[in-house]
Amino acid sequence: MTPEPHATEILVPGQTTLAQLERIWRLALPAQLDDRARPGIVTAAAHIAKAAGGSAAVYGVNTGFGKLASVKIAPEDTATLQKNLILSHCCGVGDPMPEPTARLMMVLKLLSLGRGASGVRPEVTELLEAMLAHGVTPLIPDQGSVGASGDLAPLAHMTAVMIGHGEAVVDGHIKPGAEALALKGLSPITLGPKEGLALINGTQFSTAYALAGLFQGWRAASEALVISALSTDAIMGSTAPLEAEIHALRGQPGQIDAAAAMRALLTGSEIRESHRDGDSRVQDPYCIRCQPQVTGAAMDVLRMAARTLEIEANAATDNPLVLSDGQIVSGGNFHAEPVGFAADMIAMALAEIGAIAQRRVALMVDPTLSFDLPAFLTPRPGLNSGLMIAEVTTAALMSENKHLAHPTVIDSTPTSANQEDHVSMAAHGARRLGRMVKNLNVILGVEAMCAAQGVEFRAPLRTSPPLQAAHAAFRAEIPALADDRYLAPDLARAAALVAAGTLSKATGTPLPVLA
């Protein structure tokens, strides 16, 4: 992935925001540490260099690793020790990590090292910065980490390229690590004391995947507000449950925000005004009436996860750490338990947004519940099946997401000869979020297909101006369904519109923000 020709994102370790990280992830921006980080990096590196030349055993500096920590390493072997560490830990399997997420992982490692507690030389952070600037992205298998002691295998694959081994993607081609660096005028580094350990210890693989899931999930939640408002008009639902005081009396911020957004989206709807009086229905089903309570609650959960991940993105998570008084102390910041919990929270939120959206799809295709819409939203039911099986697809994906949402952080297994006897499983907990968001985008895309079709059946009455704009953006890509046609491409395009945030952008309506 070649970096976009935008200004380099300057990162202040400990203060980098989610907005910055999302820009880097979405736009492939280069990134570098603020100059103020350098003195701390230099000071910590000096402490490590001093320890490496001393006689006292310091874990990871002049000892073996994990269960082999009691083995003392001679000073002349420290460079070989670090190289061997990286090569032996390159045990990842599976598909390559998506390039945007791999680049984000590199940025997170840069931030962690920039805290000045890892003991690496500035040359290490400078090479990471140069690789980001020149689009040298290590090829990183996406399986093999248990989320403690750090994301060892994937981070080892990243580091292997830095020392001239492994593989990297450059200009769209996979090259051996040393060749990839050379193509961009870069040279591999020889790792000094503790530097290999500093690079592979940490939670950056898990955190990068969790952040990618968060960014995509929040966009899906925003699209869900717009699409669900359109669905409300399609079935001629009531806006009374959106009254501000109802939500203020409960006080949950996500619910309040979701209701306010939906009120704004539905303001000016002719469809809504047409049935304020004389409507025989007393209440709408929960999937219409309780949208703020469900989607809003999911948004609150995403915000809670976001706070955890923003802290983790700025954290020093390798081991041992160089403390401010010069002590080099072993701890456990590499344990990705906070990331595992955050990933599970995001997963549950995605599952629930999809669950209530699927019920709206089922509502709209059912003529006994949709307030006079034709069966399966086709003008000639019987001869045509309309969106019958599109609804079945959403049911399948909804159920799949429910299974995927099962917590992973509650699982553990001992590794490394029982030295690492409790692990977080954050890596695959975060990695599954991409699959869940893809499923959710299809569910919401099919809901948009149903809602767009539904409001068209209410003509000559029109929906609100913001929702008319969303409808027009949708129809610019996906035509109305008259007679049956090959629908798979429509589902794919609808999901892509959701993933791009097309409908929420089209409305021009302010929607809730993540942070």
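Helices (H or I, at least four residues) and strands (E, at least two) are DSSP runs, numbered from the N terminus. The model is predicted: local features need pLDDT of at least 70, side-chain atom pairs count only at pLDDT 80 or more, and totals for chains, interfaces and linings use all residues. Residues are numbered from 1 along each chain as its sequence is written, and side-chain values use heavy atoms, with hydrogens and water left out.

**Exercise 1. State how many aromatic pairs there are and describe each.**

Step 1. Rings of Phe, Tyr and Trp (its six-membered ring) pair if their centres lie within 6.5 Å; planes under 30 degrees apart count as stacked, over 60 as edge-to-face and the rest as tilted. This rule gives two aromatic pairs.

Step 2. One is the tilted pair of tryptophan 25 and phenylalanine 215, with 5.9 Å centre to centre and 45° between the planes. Tryptophan 25 belongs to helix 1 (residues 18–27) and phenylalanine 215 to helix 9 (residues 204–234), so the pair links distant parts of the chain, 190 residues apart.

Step 3. Buried means under 20% relative accessible area, exposed over 50%, and partly exposed in between (1.4 Å probe, protein chains only). Tryptophan 25 is buried because its relative accessible area is 11%. Phenylalanine 215 has 2% relative accessibility and therefore counts as buried.

Step 4. Phenylalanine 205 and tyrosine 209 form an edge-to-face pair, 5.0 Å centre to centre with 70° between the planes. These two are separated by about one helical turn, because they are four residues apart in helix 9. Both phenylalanine 205 and tyrosine 209 are buried.

**Exercise 2. Describe the surroundings and backbone of phenylalanine 371, then do the backbone of phenylalanine 376.**

Step 1. Phenylalanine 371 is in the loop between helix 15 (337–365) and helix 16 (388–404). Its phi is positive, about 60°, although the residue is not a glycine.

Step 2. A relative accessible area of 25% makes phenylalanine 371 partly exposed.

Step 3. A charge sits over a ring if NZ of Lys or CZ of Arg is within 6 Å of the ring centre and within 35 degrees of the ring normal. Arginine 281 lies over the face of phenylalanine 371, at 3.6 Å from the ring centre.

Step 4. Phenylalanine 376 is also placed in the loop between helix 15 and helix 16, with a positive phi near 60°. With 26% relative accessibility, phenylalanine 376 counts as partly exposed.

**Exercise 3. Locate the cis peptide bonds at proline 320 and proline 460.**

Step 1. Asparagine 319 and proline 320 are joined by a cis peptide bond with omega about -5°. Proline 320 sits in the loop between helix 14 (291–313) and strand 8 (321–322).

Step 2. Alanine 459 and proline 460 are joined by a cis peptide bond with omega about 10°. The loop holding proline 460 runs between helix 17 and helix 18 (465–475).

**Exercise 4. Check the span and the burial of helix 17.**

Step 1. The expected span of a helix is 1.5 Å times one less than its number of residues. Helix 17 (residues 426–456) has 31 residues and reaches 45 Å from its first C-alpha to its last, close to the 45 Å expected at 1.5 Å a residue.

Step 2. Of the 31 residues in helix 17, 25 are buried, and the helix is mostly covered.
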